[in-house]
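Thank you all for coming. I would like to walk through one model this morning, starting from a single pair of strands and working outwards from there.

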Amino acid sequence: MTHQLPATARIGIGGMALLLVLAGSALPAAASPAYTSRTPAEATVEERRLDRAAPQEILRRSGFDALAPRFERALERSKSYAQAERAVTRHASALWRRAVDRAQGRGPAAGDLSRGDDRPLYWARLALSRELRTWEPRFGLDDRRREALRSALETASRGQSDIHYQGHRTKRVLVTGFDPFTLDRDVRIGNPSGASALALDGTLVRTPDGPARIETVVFPVRWADFAEGIVERALARHLPRLDLFTTVSQGRQGRFDVERTNGAWRGGFADNENASSTGLVPVADPATQPQWTSTTLPYRELTEADTGRFPVYDNTEVTEIPAGGTRPVTRPDGPTPGSAARAGGGGDYLSNEIAYRVTLLRDRLALPRLPGGHLHTPVLQFGAENTDPRSGAVTDPDFERNRADIVDQVRELVRTAVSAAG
């Protein structure tokens, strides 16, 4: 995910203590909370897009339009905070599982929208979020507890509480994706990284060394959530037990990129809340924060293997302010010593940031042999006759074929990476 898109260890006692600090410590005071407390009448920017025609059609044509009314009834039946908490977690978890099952062909499709579509999950989550925000229970519910319920909804509906590995002989792989974004440009947009997460969650791929199980999560496109440590909280406890990880996002047209270097810089492009953030990536213990982190994915094997329709590039370009300099310079072969980051290979948006955060977490947990990094997919495009967001259809055969081809290639790239990592 780049803002240049067209109109787009060893872990002993000390290591475990560090893991807990990284997963739960407060970040710099400048970081704003993921969501501020709101009165029930105040909708979020994302929720305000819900009533547009395309989101409503996507929900209706996937059968996900039935989920918010069920959730509303469950909330109304809750007579205590504990009951409400159970209802939120149950319905949010069911939303994630329904989206995964739909993408993987289990159960009825409940609509004519193609099964691999990631957009019903996004819009249904927002519909549940709106019900929770406007709900006035019979018992007292202060802002802190309402926020805790919202956090539980986010966590469970993004697969973050559904990461389960089984067996000691099965390799463990973690893949992350993102929500759709740039929705004010075209509210119909999907995200192939999110679609890949749904298609791959809980699946096995075969490698020369045996099977590998893939677990996936999806993250929001919101600066504030990242500043509050959503990535570290979701992934820190899993990283020491993995055999490979890759964060995934949508990048450039017609190509995959394996991003060699990630930069500690936010470029300010607006997120899904239309919020902007520019400056150093806010992390715990900023005094030890490096300007750059690097992939440990087997990028040579990924670029040389025949994994699908789209070419795969080893992207080594970064933008830096050289040591002693004052102006940004683009370097085709990576950063120079002592330079300050202004963009990693994956840009300066949240795709670069998730790659930076997870590889920094890998390094801080002293896991130098853990293969991991970032993969950018091609842009998911509509058909040539369906490019106008004002009059275009929410789907078309080219859009569905492009998504399926990208998802299939992500699966093959993951299999290739695990096989090459040994």
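Let me begin with strand 2 and strand 3, the latter covering residues 210–219, which pair in the antiparallel sense over five bridges. Please keep in mind throughout that this is a predicted model. The two strands form a hairpin, with two residues between them, and at that end of the pairing Thr 207 has Gly 210 of strand 3 as its bridge partner.

Which side chains of strand 2 point to the buried face? Along residues 203–207 the side chains alternate, so to speak, between two faces: Thr 203, Val 205 and Thr 207 point to one face and are buried, whereas Leu 204 and Arg 206 point to the other and are not buried.

If we step back along the chain from strand 2, we come to helix 8, which spans residues 192–200 and is mostly covered, with nine of its nine residues buried. The buried residues include Pro 192, Ser 193 and Gly 194, as well as Leu 198 and Leu 200. Following helix 8 there is Gly 202, whose phi is positive, near 75°.

Now to the sheet that holds the hairpin. Strand 2 and strand 3 belong to an open sheet of seven strands, whose order is 2-3-1-4-14-5-10 and whose pairing is mixed. Strand 2 and strand 10, the latter at residues 312–315, are the edge strands, and each of them pairs on one side only. From one strand to the next, the twist in this sheet averages 25°.

Further along that order, strand 5, residues 256–259, is joined to strand 14, residues 372–377, by three bridges, and these two strands run antiparallel. Within that pair, Glu 259 stands opposite His 374 of strand 14.

There is also an open sheet of three strands, in the order 12-11-13, where the pairing is antiparallel. Why is one side of strand 12 and of strand 13 left without a neighbour in the sheet? Strand 12 and strand 13, the latter at residues 340–343, stand at the edges and have a single partner strand each, so each has one side with no neighbour in the sheet. Neighbouring strands in this sheet are turned against each other by 40° on average, with direction ignored.

Between strand 11 and strand 12, which run antiparallel, there are three bridges, and Val 318 stands opposite Arg 331 in strand 12. The loop between these strands, that is, between residues 318–321 and residues 329–331, is the place of Gly 324. Is Gly 324 buried or exposed? Gly 324 has a relative accessibility of 85% and therefore counts as exposed, given that the cut-off for exposed is over 50%. Gly 324 and Ala 340 are 16 residues apart in sequence, and their C-alpha atoms are 9.8 Å apart in space.

Two loop residues deserve a word on their backbone angles. Ala 110 has a phi near 55°, which is a positive value in a residue other than glycine; this residue is found in the loop between helix 5, at 81–103, and helix 6, at 119–134. With a relative accessible area of 38%, Ala 110 is partly exposed. Asp 285 likewise has a positive phi, near 55°, in a residue other than glycine, and Asp 285 is found in the loop between strand 8, at 278–280, and strand 9, at 292–294. Its relative accessible area is 44%, so Asp 285 is partly exposed.

Finally, the chain as a whole. The protein chain contains 13 helices and 14 strands. Its radius of gyration is 21 Å, close to the 22 Å that the globule rule gives for 422 residues, so the chain is as compact as a globular protein of that length. The C-alpha trace spans about 60 × 50 × 50 Å along its principal axes.

Of the 422 residues, 56% count as buried, and the accessible surface of the chain comes to about 17300 Å², with 50% of that belonging to carbon and sulfur atoms. As for charge, there are 57 positive and 53 negative side chains, and the centres of these two sets lie 4 Å apart.

That is where I will stop, and I am happy to go back to any of these regions in the discussion.

How values were computed
Residues are numbered from 1 along each chain as its sequence is written. This is a predicted model: local features need pLDDT of at least 70, side-chain atom pairs count only at pLDDT 80 or more; totals for chains, interfaces and linings use all residues. Side-chain values use heavy atoms; hydrogens and water are left out. Buried means under 20% relative accessible area, exposed over 50%, partly exposed in between (1.4 Å probe, protein chains only). Helices (H or I, at least four residues) and strands (E, at least two) are DSSP runs, numbered from the N terminus. Two strands pair if DSSP finds at least two bridges between them. Axes are lines fitted to C-alpha atoms, for helices over the stretch in contact, and angles run from 0 to 180 degrees between N-to-C directions. The radius of gyration is taken over C-alpha atoms; the globule rule is 2.2 Å times the number of residues to the power 0.38. Accessible areas come from the Shrake-Rupley method with a 1.4 Å probe; for residues, only the protein chains shown count as cover. Lys and Arg count as positive and Asp and Glu as negative; His and the chain ends are not counted. The place of a charge is taken as NZ of Lys, CZ of Arg, CG of Asp or CD of Glu.
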